[in-house]
Amino acid sequence: MSTDAQTREVSRMYRIHKTIYEMMADRGYMVPEEQTNLTLEDFKSRYAPNNQLQRDAAMNLMFAKPGVGAETEPIMIAFIADDSKNKIGVAHIKQFCELLVASNIPRGIIVHKQPLGPQAKGIVNSSSDKYRLEAFEEAELVVNITKHTLVPKHEKLEPEEKKTLLERYRLKETQLPRIPSSDPVARYLGLRRGEVVKIIRNSETAGKYVTYRLCF
């Protein structure tokens with residue numbers, strides 16, 4: 001890889017990291033200020049000191065939520081690439097799962113350079129509630145989609161907020177409009193089936209227009 005290509009790759013990964021920090025903050029995880037304000041030069045000195053980017057365990061990120069209980073469990077993010085192949089295979093996913101188990105961390109996100117192979121994708125999709133996996137291709141995180149002017153603000157409701165909403169309007173959750181778990185913003189927020197998201201749109205007449213959607 002040429003020097004110019006290496007520089008572009010480092011800059012690209014820096015933007016991906018920025019999106020991840022923003023995504024974790026939007027999910028309610030604690031993100032240190034030095035990470036949210038990380039400059040490109042800081043990123044280079046930490047992850048690419050010789051302009052050589054290494055996607056290895058040293059780049060893994062860890063985030064936790066304040067408080068106690070299942071909803072505050074930490075999450076680990078790993079960066080996986082295999083330039084010798086066109087797709088990421090099962091071995092890489094299993095290795096990350098073993099790391100999660102050994103670290104007693106029930107949630108993980110895989111950020112992969114190449115597309116996941118069918119079997120690797122199957123492992124991610126079949127992960128249980130006990131050990132939950134998510135996967136994003138690097139290209140999906142170069143830009144934070146929630147910053148786009150045409151994307152309204154989305155906020156995930158906590159269980160008590162969902163309960164209050166349903167009681168206030170005397171609704172069953174099945175009566176709410178729906179949003180698929182595969183929706184880009186739903187994935188960004190880590191929405192799970194049965195969770196509700198509040199969507200706030202600007203309105204010329206009402207100022208703000210609020211709707212709620214059930215993830216399925």
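This dialogue looks at one helix and one pocket.

Student: What kind of model is this, and how are residues numbered along each chain?

Tutor: It is a predicted model, in which local features need pLDDT of at least 70 and side-chain atom pairs count only at pLDDT 80 or more, while totals for chains, interfaces and linings use all residues. Residues are numbered from 1 along each chain as its sequence is written, and side-chain values use heavy atoms, with hydrogens and water left out.

Student: Which residues of helix 4 are buried, and which are exposed on the other side?

Tutor: An α-helix has 3.6 residues a turn, so residues three or four places apart point the same way. Helices here are DSSP runs (H or I, at least four residues) and strands likewise (E, at least two), numbered from the N terminus. In helix 4, residues 90-103, Val90, Ile93, Phe96 and Leu100 are buried (under 20% relative accessible area, 1.4 Å probe, protein chains only). Seen down the helix axis, these buried residues fall within an arc of 130° (taken from the directions from the axis to the C-beta atoms), so they line one face of helix 4. On the other side, Ala91, Gln95, Glu98 and Ala102 are exposed (over 50%).

Student: What do the buried residues of helix 4 pack against?

Tutor: Packing is read from contact, meaning heavy atoms within 4.5 Å. The buried residues of helix 4 pack against strand 2 (75-80), strand 3 (107-112), helix 5 (118-125) and strand 4 (132-137).

Student: Where does a positive phi occur just after helix 4?

Tutor: Asn104 takes a positive phi of about 55° there.

Methods: Expected span 1.5 Å × (residues − 1).
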